[in-house]
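Q: I have a sequence and a model in front of me, and I'd like to learn how to read them. Can you walk me through it, feature by feature?

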Amino acid sequence: FTSNLSLSLPVFYGHILVTICCYHHILSKRCYSILKSSDVLITYYTQIQAVTTTMARQIRVVVIFIYLAIFFKVSLARTYSRASIQQEVTNYCLSWRLAVEANNVRAWRTVPMRCLRYVETYMMGGQYEKDLELIMDQVLSYANSIDVAKDGMDAWILDIDDTCISNVLYYKEKRYGCDPFDVAGFKSWATKGQCPAIRPVLRLFNKLINGGFKVILLTGRDNETLGQCTINNVQSQGFVGYERLVMRTAAYKGQSAATYKSEIRRQLVEEGYRIWGNVGDQWSDLQGDFPGNRTFKLPNPMYFVP
Ligand SMILES: [Mg+2]
């Protein structure tokens, strides 16, 4: 800006004076009174003010840039850290579900609280159905390889709860198994007889029957209290034409599912049935005596039945 001024002696002195004034409180009254005495100095002072204002603006812009840079860096770091924690939880829940389905984790009572969203997403987000479809393809591939005899003794066993019909709507209210099993609550739900069919299993059921198999529905539900509503439920959902629906009678009360179901299968085999396949969502449906020629475990990360 000095190039705008003529380099005369007064200007030079003015330059010095203004510099001193600036050094000692540029806006002080004394400084202003000195400046006021000279038009050249006033111009000079005004130019200094203009330059100062421009510099202040530039500094402000730089400060804003620095602030924004720091802000975005911190925000990105936080987002990354949140995503990283979420990924860790998902990884843990994946491992947990695999361990549960493989029966490496046993006698568990509740889903880990941190896996609530994971199990919800798995059950409701479409992956559960996809897994079922893949299993059904395997079941059918196996079933189609069997030469069904004409004696009507080629049998197939299907569990009921979360095999033929779904309790996911009930478990939704129980935080997908994060809450402990509620005997009265489940009984009240089952009594309504409103469990929807699990569509891939219903398709399998019909194909097995059309293929000449005798399908036996075997459940640990109590015959006395849940007998009629269970029959109504499965039939209203399309499971018709089964050979037998076996429920737990007083004689088997208190027995584990594995023991009780083994005993029923033993009786079926003694009657002459050939159990080619056995499908259930619990390991206790498939373990024990006479499990069947092949067993198929359906996914269920919501609860464990011994
Ligand atoms: Mg079941």
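**Reading the sheet and its surroundings**

A: Let's start with strand S4, residues 274-280, where 6 of the 7 residues are buried. Buried means that 20 or more other C-beta atoms lie within 10 Å of the residue's own (12 or fewer is exposed, in between is partly exposed, and C-beta atoms are placed from the backbone). Strands (E, at least two residues) and helices (H or I, at least four) are DSSP runs, numbered from the N terminus. Keep in mind that this is a predicted model: local features need pLDDT of at least 70, side-chain atom pairs count only at pLDDT 80 or more, and totals for chains, interfaces and linings use all residues. Residues are numbered from 1 along each chain as its sequence is written.

Q: Which strands pair with S4, and in what sense?
A: Two strands pair if DSSP finds at least two bridges between them. Here S4 pairs with strand S1 (residues 154-158) in the parallel sense over 5 bridges, and with strand S5 (residues 294-297), also parallel, over 4 bridges. To find the register on the S1 side, look for Asp154, whose bridge partner in S4 is Arg274. On the S5 side, Gly277 stands opposite Arg294 and Asn278 opposite Thr295.

Q: In what order do the strands form the sheet?
A: Read across the sheet rather than along the chain: the order is S3-S2-S1-S4-S5, an open sheet of 5 strands with parallel pairing. Strand S3 (244-248) and S5 each have a single partner strand, so one side of each is left without a neighbour in the sheet. From one strand to the next, the twist averages 20°; angles run from 0 to 180 degrees between N-to-C directions, with axes as lines fitted to C-alpha atoms, for helices over the stretch in contact.

Q: Is the edge strand S3 mostly covered or mostly open?
A: Mostly covered, with 4 of its 5 residues buried. S3 runs parallel to S2 and is joined to it by 4 bridges; one place to look is Leu218, which stands opposite Val246 in S3.

Q: Which helices lie across the strands?
A: For this, use contacts: two residues are in contact if their C-beta atoms, placed from the backbone, lie within 7 Å. Helix H9 (residues 223-236) lies across strand S2 (214-222) and S3, at about 140° to S2. Helix H10 (residues 257-271) lies across S1, S2, S3 and S4, at about 150° to S2.

Q: And where do H7 and H9 meet?
A: Lys187, Ala190 and Thr191 in H7 meet Thr225, Leu226 and Cys229 in H9. Helix H7 (residues 183-192) packs on H9 at an angle of about 35°, with the axes 8 Å apart.

Q: How many residues does the largest nonpolar core have?
A: In soluble globular proteins, nonpolar side chains tend to be buried together. A nonpolar core is a set of buried Ala, Val, Leu, Ile, Met, Phe, Trp, Tyr and Cys residues joined through C-beta atoms within 7 Å. The largest one here has 37 residues, and Ala155, Cys164 and Leu217 have the most contacts inside it. H10 gives the largest share of this core, 5 residues. Leaving out residues up to four places away in sequence, Ala155 touches several others, including Phe213, Ile216, Leu268 and Trp276.
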